[in-house]
Amino acid sequence: MIDVDHSQHRKREDTERADKMALGQRFQEYRASKTTLFWSWVAVAVLTVVVGFNWGGWVTGGTAKEMAQDARRDLAATFCVQRFLAAPDAGAQHASLMETGSWQRDDFVEKGGWAKLPKMDQPVSGVADLCAEKLADVEVSTSAAQSTTGESSDTTVQ
């Protein structure tokens, strides 16, 4: 019975002493257990991963590959549009493209050779489709042709 009273008395003294100490002093005297430290580290690691992937711009390897493929496709499609518009008969070709059904425009672009990049045997996957979409949004007058100096005329993007 004396041990119980002594432990209760000691707890009461510790509580009274803690109440009298400033917050900074209590913080300096606090000693976390190994279990508390371990679970704190786990929580920080999980929080870091969640914040990094949601707001930090982190991506997985698969997503990075998809982003690189999309960028490659967009670059090749832009190059395709420029090659198409640089052709001397761009106005006539554009009129033919617009007369073609939307489901056949990618074939038209592939057959014309605009979707294929120089020094490549095959065009990049999906380039002809994207190029045809971009060309459908471009207005080309029938007199639009490249001069020998490389300056374009009458080509506007909507």
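Modeller: A quick term to start: rings of Phe, Tyr and Trp (its six-membered ring) pair if their centres lie within 6.5 Å, with planes under 30 degrees apart stacked, over 60 edge-to-face and the rest tilted. What you see is a predicted model, where local features need pLDDT of at least 70, side-chain atom pairs count only at pLDDT 80 or more, and totals for chains, interfaces and linings use all residues. Residues are numbered from 1 along each chain as its sequence is written, and side-chain values use heavy atoms, leaving out hydrogens and water.

Colleague: Thanks! How are the rings of Phe84 and Trp114 arranged?

Modeller: The count comes to four aromatic pairs, and Phe84 with Trp114 is a good one to look at. The ring centres of Phe84 and Trp114 are 4.6 Å apart and their planes stand at 65°, so the pair is edge-to-face.

Colleague: How many residues apart in sequence are the parts that Phe84 and Trp114 tie together?

Modeller: Helices here are DSSP runs (H or I, at least four residues), numbered from the N terminus. Phe84 belongs to helix α4 (residues 61-86), while Trp114 sits in the loop between α6 (105-112) and α7 (127-136). The pair therefore ties together parts whose separation in sequence is 30 residues.

Colleague: Are Phe84 and Trp114 buried or exposed?

Modeller: The scale is relative accessible area with a 1.4 Å probe, protein chains only: under 20% is buried, over 50% exposed, and in between partly exposed. On that scale Phe84 and Trp114 are both buried.

Colleague: Which residues do ring pairs link into a cluster?

Modeller: Trp114 has another partner in Phe108: their ring centres are 6.0 Å apart and their planes at 35°, so this pair is tilted. Both Phe108 and Trp114 are buried. Ring pairs make a cluster of Phe84, Phe108 and Trp114.

Colleague: Lovely. On to the cysteines: what is the handedness of the link of Cys80 and Cys131?

Modeller: The count gives one disulfide, the cut-off being a pair of cysteine sulfur atoms within 2.5 Å. Here the sulfur atoms of Cys80 and Cys131 are 2.1 Å apart. The angle about their S-S bond is -80°, and the link is left-handed.

Colleague: Where in the fold do Cys80 and Cys131 lie?

Modeller: Cys80 is buried at a relative accessible area of 0%, and Cys131 is buried at 0% too. The disulfide ties together parts that are 51 residues apart in sequence, because Cys80 lies in helix α4 and Cys131 in helix α7.

Colleague: Which residues of α4 are buried?

Modeller: Two have come up already, Cys80 and Phe84. The full set of buried residues in α4 is Ala76, Ala77, Cys80, Val81, Phe84 and Leu85.

Colleague: And the charged side chains: how far apart are the closest N and O atoms of Asp74 and Lys134?

Modeller: A salt bridge needs a side-chain nitrogen of Lys or Arg within 4 Å of a carboxyl oxygen of Asp or Glu, and the count comes to two. Asp74 and Lys134 form one of them, with a closest N to O distance of 2.9 Å.

Colleague: Which helices does that pair link?

Modeller: Asp74 is partly exposed at 37%, as is Lys134 at 25%. The pair links distant parts of the chain, 60 residues apart: helix α4 and helix α7.

Colleague: What is the N to O distance in the salt bridge of Asp70 and Arg73?

Modeller: Asp70 and Arg73 both lie in helix α4, three residues apart, about one turn of the helix. Asp70 is partly exposed at 44%, and Arg73 is partly exposed at 21%. The N to O distance of their salt bridge is 3.0 Å.

Notes. Helix = DSSP H or I, 4+ residues; strand = E, 2+ residues; numbered from the N terminus.
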